[in-house]
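Here are a few exercises to work through with the model open beside you. Try each task before reading its solution.

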Amino acid sequence: MSLPDRKEAEVRRMLDGPHPPVPPDLARRATADGRRLLSHRRLARRALWLLTLAALAVLLIWAAVDQPWLPPPTHTTPPLEGW
Amino acid sequence: MRERRAAQERRRAREFEAFVAGAAGRLLRAATLLTAEPEGQPAPAAERLLTLALARTYAVWDRLRGEDPYDRARQEMAAHFAHSAWRARLPRPLRPGTPPPPGGLLERLSPQERLVLVLRLYEGVAEEQTAAQLGLPAERVHALCLRAVGHMRSKPPPGGAGPPVPVGEAVHPARKVRDVPASPPDSPYVPESSPPAPPAPPAPRHTETAAP
């Protein structure tokens, strides 16, 4: 066994020890926190979807009303008369 | 739909509870080592850390897809500890006259050294994996581990048996050992790819037999 290995094994023995007693309601608390985390995420995802759909709807309505692909009416050129 | 979701939730809760029953002791020991709280007493910070890691594991339970939930919980714990240790990296000033609170086994190590030591030696995670989880180069992890091992062997654990071993330099109890050891201030920068110079401070030879 090389020297670093021996040193590491020594520290490993120092780290190894009896497991501390786990509080009995740890699992319950973790489950409750995890549920809350999940519901927050679900809520955030839903809000993001709603926002995306709303933005899409606004874009479509604006396009239907405004029809930006038509050429703009020529307000600037004066009418040609007197030929 | 609603019933199926309820059934799924019950199944998840059952599996999760079984997992916690089996893994919580070992994880709590790791968390206590990380937060350097004394053994044999309630460790509120370690419990908070563990609860958070477990809650995040619960939240991804259905998406684990064969991944070991223990690995996942450990990873969450390491990530949160690294994040919170970075936020709380400045030691809290003690009021003069009050003795410092009693600490755990790894009290004198910096949070990063604790993290590397716990992941590498207590949990037995491979060096490359530890480096990937912490976002550090593998050489850095190696150096941190060597340095932490050197610290651990050069100082007796608090409350351990045996008289304190005289170390080459006088170590003030409140001093945080964080500076890069064994490099004179005017030494040129040595790239990490050069032949590995021992980054750990040379452990005094005479402590070899005295350490427990």
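**Exercise 1. Count the helices and strands of chain A, then find what share of its residues is buried.**

Start with secondary structure: chain A has two helices and zero strands, where helices (H or I, at least four residues) and strands (E, at least two) are DSSP runs numbered from the N terminus. Next comes burial: 10% of the 83 residues in chain A are buried. Buried here means 20 or more other C-beta atoms within 10 Å of the residue's own, with C-beta atoms placed from the backbone.

Some ground rules before moving on: this is a predicted model, local features need pLDDT of at least 70, side-chain atom pairs count only at pLDDT 80 or more, and totals for chains, interfaces and linings use all residues. Residues are numbered from 1 along each chain as its sequence is written, while chains are lettered from A and ligands numbered from 1 in the order in which they are written.

**Exercise 2. Do the count for chain B and work out how helix 1 of chain B departs from a straight helix.**

Chain B has six helices and zero strands, and 31% of its 212 residues are buried. Now take helix 1 of chain B: it has 34 residues, yet its end C-alpha atoms are only 42 Å apart, against the 50 Å a straight helix would reach at 1.5 Å a residue. (The expected span is 1.5 Å times one less than the number of residues.) Then look for a bend: there's a kink of about 50° centred on B:Ala23, the bend being the angle between axes fitted to the seven residues ending there and the seven starting there. Just after helix 1 of chain B sits B:Ala36, with a positive phi near 55°.

**Exercise 3. Decide whether helix 2 of chain B is enclosed or open, and trace its link to the nonpolar core.**

Helix 2 of chain B covers residues 44–59 and spans 22 Å, close to the expected 22 Å. Of its 16 residues, 12 are buried, so this helix is largely enclosed by the rest of the structure. The buried ones include B:Leu49, B:Leu50 and B:Tyr58.

Now the core, meaning buried Ala, Val, Leu, Ile, Met, Phe, Trp, Tyr and Cys residues joined through C-beta atoms within 7 Å. The largest one has 45 residues, and B:Ala31, B:Leu49, B:Leu50 and B:Met77 have the most contacts inside it. Helix 1 and helix 2 of chain A are among the helices that each supply at least two residues of this core. For a close-up, B:Leu50 touches B:Leu27, B:Leu28, B:Ala31 and B:Met77, leaving out residues up to four places away in sequence; contact means C-beta atoms, placed from the backbone, within 7 Å.

**Exercise 4. Describe the side of chain A that touches chain B.**

First the totals: 21 residues of chain A are in contact with 29 residues of chain B. The largest share of chain A's side, nine residues, comes from helix 2 of chain A.

**Exercise 5. Check how far to trust the model.**

For the complex, the predictor gives an ipTM of 0.74 and a pTM of 0.69. Chain B has a mean pLDDT of 76, with 65% of its residues at 70 or more; pLDDT is the predictor's confidence in each residue, from 0 to 100. Over residues 159–185 of chain B, pLDDT is below 50. Where pLDDT is low, the predicted coordinates should not be read in detail.

How values were computed:
Two residues are in contact if their C-beta atoms, placed from the backbone, lie within 7 Å.
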